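Here are a few short exercises to work through with the viewer open. Try each one yourself before you read the solution.

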Amino acid sequence: HPLDVAAKAAGKLWFGTAADIPGTGEAQDPYWAAEFNSTDFGEATPANIMKFVFTEPEPNVFNYTGAEQFLSFVEGTGKLVRCHNLIWQSELPTWITNPTVNWTNATLTAALRNHVTNLVEYFGDRCYSWDVVNEAFSDNPAGAYASNVWFDTIGPAYVVEAFDAATQAVKAKNLAVKLYYNDYNIEYLGNKSYAAQNLVTELKGRGIQIDGVGLESHFIAGETPDKASQMANMQAFINLGVDVAITELDVRLNLPPNATTEAQQVLDYYNSVAACVAVGDGCIGVTVWDFDDEYSWVPGTFPGQGYADLFLSNGPNEPLTRKAAYDGCLQAL
Ligand code: XIL
């Protein structure tokens, strides 16, 4: 069975992938496009084009041209869309990071809320879900709020403000879109996961909508939490009354791969997908952060590492080869 067909048979909503459209131009690669349009994938996440720098390049000037290109490629294929993301510390326009007027708590909060409101209302239920806040917590020390323009100006309230603005937009437009918190290193129990759990509890306590937590799952072969650890962590979130989803799965390794590291990668993919299946309905689906090494973000971000995805090719516009990691995912479904 193709991956998404198998995932649906296993009770998941999808097996999906990120896509950098228009971005890398992968949609123009016929082999990439054919695989993207196959029944391996029932969900798509825009890797970049809905982020702040693209959607609000100037204050209160919204540009949805690229996002519409992404959606026109995806809509009509039956795929659901995880819209990504509203508030993050990266890929921000300079008017946010280098304002000509210094931000105050009040002015930056207003800009944040305006951005969230506009995007949630504009895209409406074309989004299955929104990653409302992305990567708010630090690794050092784990679970502290990360220092960035939002936190440094507004404090931890920026996360509450973002979810509150999204909640108000959902109510105003009577939307079904689900609101997620999304982060990495929250795929296993530890201080960063506990911080995300506390956030869920706080938002619910305030009567603010939060439906799910995205477990990014950018893993390293041999350093991936095992199936039981991932299940225990997923269950901790589910017990708080939210869904979880694996949102950005890839398993990178030191280049070049060898038989040992590739076998480890297969096991790491298997364990991650198997945890989502075994934990039950609370884990709604698995999304990989692109499926083709050709277009993976890994080599550009982690020099010396790569081979992180389910397929490889000899270059752009060359046929794709399924890797053993693909079979690892399929076996788990
Ligand atoms: C990455 C994209 O894949 C890159 O193309 C871009 O240059 C940087 O962002 N966590 C996230 C994603 O939530 O938005 C990031 O995507 C990868 C890490």
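**Exercise 1.** Which residue does the UniProt annotation "active site" cover? Then place that residue in the fold and work out whether it is buried or exposed.

*Solution.* Keep in mind that we're working with a predicted model.
- Start with the record: the unreviewed UniProt entry puts its "active site" annotation on E248.
- Next, find the element: E248 sits in strand β10, which runs over residues 243–254.
- Now count: E248 has 25 C-beta neighbours inside 10 Å, and the cut-off for buried is 20 or more, so E248 is buried.
- Finally, list the contacts: leaving out neighbours within four places in sequence, E248 is in contact with A18, E216, S217, H218, T287 and W289.

**Exercise 2.** Which residues are around the ligand, and how do they split by class?

*Solution.*
- Collect the shell: D20, A47, N48, N134, E216, E248 and W297 are the residues around the ligand.
- Sort by class: the shell has 3 charged, 2 polar and 2 nonpolar residues.
- Link back to Exercise 1: E216 is a contact of E248, and both E216 and E248 are in the ligand shell.

**Exercise 3.** Where is A27 found, and which residues does A27 touch beyond four places in sequence?

*Solution.*
- Locate A27: look in the loop that joins β1 (14–19) to α2 (30–36).
- Check burial: A27 has 19 C-beta neighbours inside 10 Å, so it counts as partly exposed, as buried takes 20 or more.
- List the contacts: past that sequence window, A27 touches I21, A33 and F73.
- Take the pair A27 and F73: they are 46 residues apart in sequence, yet their C-alpha atoms are 8.1 Å apart in space.

Notes:
Residues numbered from 1 in each chain as written. Predicted model: local features only at pLDDT ≥ 70, side-chain atom pairs only at ≥ 80, totals over all residues. UniProt positions renumbered as here; feature names shortened; annotations may be inferred. Helix = DSSP H or I, 4+ residues; strand = E, 2+ residues; numbered from the N terminus. Buried ≥ 20, exposed ≤ 12 C-beta atoms within 10 Å, placed from the backbone. Contact = placed C-beta atoms within 7 Å. Near = placed C-beta within 6 Å. Nonpolar A, V, L, I, M, F, W, Y, C, P; charged D, E, K, R; others polar.
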